[in-house]
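User: I am new to this structure and would be grateful for a close look at a single part of it. Please take one sheet as the starting point and then place it in its wider setting.

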Amino acid sequence: MRTYRNWIDGAWASDSGAMIERHSPAHGALLARFQASGPDHVAAAVTAARRAFDRRGGWPSFPASQRAGLLQKLADLMERDAERLAVIEAEEVGKPIRFARGEVAGSIELTRYAGALAWQISGDVFSHLGDDKLGLVTREPRGVVGMIIPWNFPLVTLFQKLPFALAAGCSVVVKPSELTSGTALEVAALSAEAGFPAGVINIVTGTGSDVGEALTDHPGIDMMSFTGSTAVGKRIAGKAGAALKRVALELGGKAANTVFADADLEAALDGVLFGMILNQGEECCAGSRLLVEQSIARDFVERLVERARKIVVGMPLDERTDIGALIHEQHLEKVLGYIAKGQAEGAQLAIGGDRLRRDGLEKGFFVGPTVLTRVTPAMTVFREEIFGPVLTVTPFDGVEQAVALANDTAFGLANGLWTKDVDKALQVSKRLKSGTVYVNTYLETAPQLPFGGFKQSGIGRENGLDGLLEFTEVKSTFVKL
Ligand code: NAD
């Protein structure tokens, strides 16, 4: 069992007080205790972050080469401790260790990429304003950034923000999810070992109502960068708007995987299954709606269900596990409630649908792969984010109907397309209203490619150069010669 305090001003906070206990969602054992912080802890962290940012010679004054070097050092230390971080991530979330390792590796890659980008921050010079004038356009760090992180990918959702903000010269106060704060705190300690100055990275643990609200409201925060549900995102955007704070939001999704009859069906089956089960379906880009061309629908779903029967549901640290435990009991009930509602509204259950309580799984919150067929756009399961290993199946006839169904959602995070016809893939892709489209693959990531949502899936972009620029303000300087 691990006990953590907040990480403020380059050290573990010394105060004692109430703690939040995190029990394994898979087997019930006590895993970790995090500080149940409040507005005073947030204020202390913001003071430290402000000092690191505002003092002469502070973090924004560090040359890009130095900021990049520190980020590379942090990535080295994360690589050294990768297995330890993966175990913490797998246990706290309930996800399979194989996928947790991938998440750690992805976070290291993002850190190296953002470090390299630090070297590239540049501006423009306009020399044609008249003989006696010069215009400079420069990019400055936004300031102190408040970051709020969800529980489903605690490490990678943090690393789509943190190294980019640091590369841009911002200091940060992070509030991880109260359920899964371990890896963020571990990384904070590694940042001190890497040599980051005190106050540049601060972590305050606690609930959304106690810490998240105080962080959003604090006048010392210049920008809020939030990943989580659309409901909380709207609340944060409203408050940030009232205070005219900058805001970036990565929110919910309801992605469709659209399979045309001319696809490589073996590859499509793999991709659709992966998009459904990854992270127990607790994934903002989960391919939770299968749209399949009518002529192949029956055969495709039969083969999919056959494959789903082979999926291993089990303990997070078991190397064979494909699906781990859902995050907590209320969430399990919510997922089961959606499955029941789907059936009540006319969908048919092809596989799954129950809480699994067989040998060894009795104490955890397990649901196996679940497929609901005969789903229409009017049904709740087609419209709302379920956040479990649940796939809805809706057949379509031709490109027009496929595009209409895929776009028939309030969300716009991702889409998958399966066809061997490149022309069709590019034409359909152009018409899809989402920040990412995967063609003949699903859930790829690359640090160079910006990530974010259309519509209710968010505002702003993470990763890529766009991800770095989110953390900068543009300044124009006129010079009279
Ligand atoms: P959530 O919105 O309930 O919580 C996210 C974070 O916000 C947590 O740290 C929580 O403590 C905090 N929070 C809660 N209420 C708050 C408040 N009033 N003020 C400030 N902070 C508050 O989301 P979750 O259940 O942790 O995560 C699941 C959601 O996140 C899903 O909707 C998923 O799609 C989304 N998500 C999006 C992305 C993306 O990149 N677009 C990535 C991962 C998860």
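Analyst:
**A three-stranded sheet and its setting**

Strand E7, residues 133–141, pairs with E23 in the antiparallel sense through nine bridges. One of the facing pairs brings Pro 141 opposite Thr 472, a residue of E23. The model in which this pairing appears is a predicted one. As a general matter, the strands of a sheet are joined through backbone hydrogen bonds, in either a parallel or an antiparallel arrangement.

E7 and E23 belong to an open sheet of three strands, whose order is E6-E7-E23 and whose pairing is antiparallel. The edges are taken by strand E6 (124–126) and strand E23 (472–480), each of which pairs on one side only. Between neighbouring strands of this sheet the average turn is 20°, with direction ignored.

The wider setting of the sheet is given by the division of the chain into domains. Domain 1 is assigned residues 2–251 + 457–479, and domain 2 is assigned residues 256–439. A distance of 31 Å separates the C-alpha centres of the two domains. Their contact draws 19 residues from domain 1 and 23 residues from domain 2. On the side of domain 1 that touches domain 2, the elements that give two or more residues are helix H3 (82–93) and helix H4 (97–118). H3 supplies the largest share of that side, four residues. By residue class, the side of domain 1 that touches domain 2 consists of eleven nonpolar, five polar and three charged residues.

The two domains also share the surroundings of the ligand. Both domain 1 and domain 2 contribute residues to the shell around the ligand, and the ligand therefore lies between them. The shell counts 32 residues, the closest being Pro 150, Gly 208, Gly 212, Gly 228 and Cys 284. Helix H8 (208–217) and helix H9 (230–243) are the elements that give two or more residues to the shell. H8 gives the most, with five residues. In the shell as a whole there are eleven nonpolar, 15 polar and six charged residues.

A second open sheet of three strands may be set beside the sheet described at the outset. Its order is E1-E5-E4, and its pairing is mixed. E1 and E4 stand at the edges with a single partner strand each, so one side of each has no neighbour in the sheet. The parallel part of this sheet is formed by strand E1 (residues 2–3) and strand E5 (residues 30–35), which are joined over two bridges. There, Arg 2 has Ala 32 of E5 as its bridge partner. The antiparallel part is formed by strand E4 (residues 19–23) and E5, over five bridges. In this pairing Ile 20 has Phe 34 of E5 as its bridge partner. E4 and E5 make a hairpin with six residues between them, and in its turn Gly 28 has a positive phi of about 85°.

A database record adds a further description of the chain. In UniProt, an unreviewed entry carries the annotation "domain: Aldehyde dehydrogenase" for residues 12–476. In the model, the end C-alpha atoms of residues 12–476 lie 40 Å apart, and this span is 41% helix and 20% strand.

Terms used. Residues numbered from 1 in each chain as written. Predicted model: local features only at pLDDT ≥ 70, side-chain atom pairs only at ≥ 80, totals over all residues. Domains from an automatic or database assignment. Contact = placed C-beta atoms within 7 Å. Nonpolar A, V, L, I, M, F, W, Y, C, P; charged D, E, K, R; others polar. Pairing = 2+ DSSP bridges. Axes fitted to C-alpha atoms, helices over the stretch in contact; angles between N-to-C directions. Near = placed C-beta within 6 Å. UniProt positions renumbered as here; feature names shortened; annotations may be inferred.
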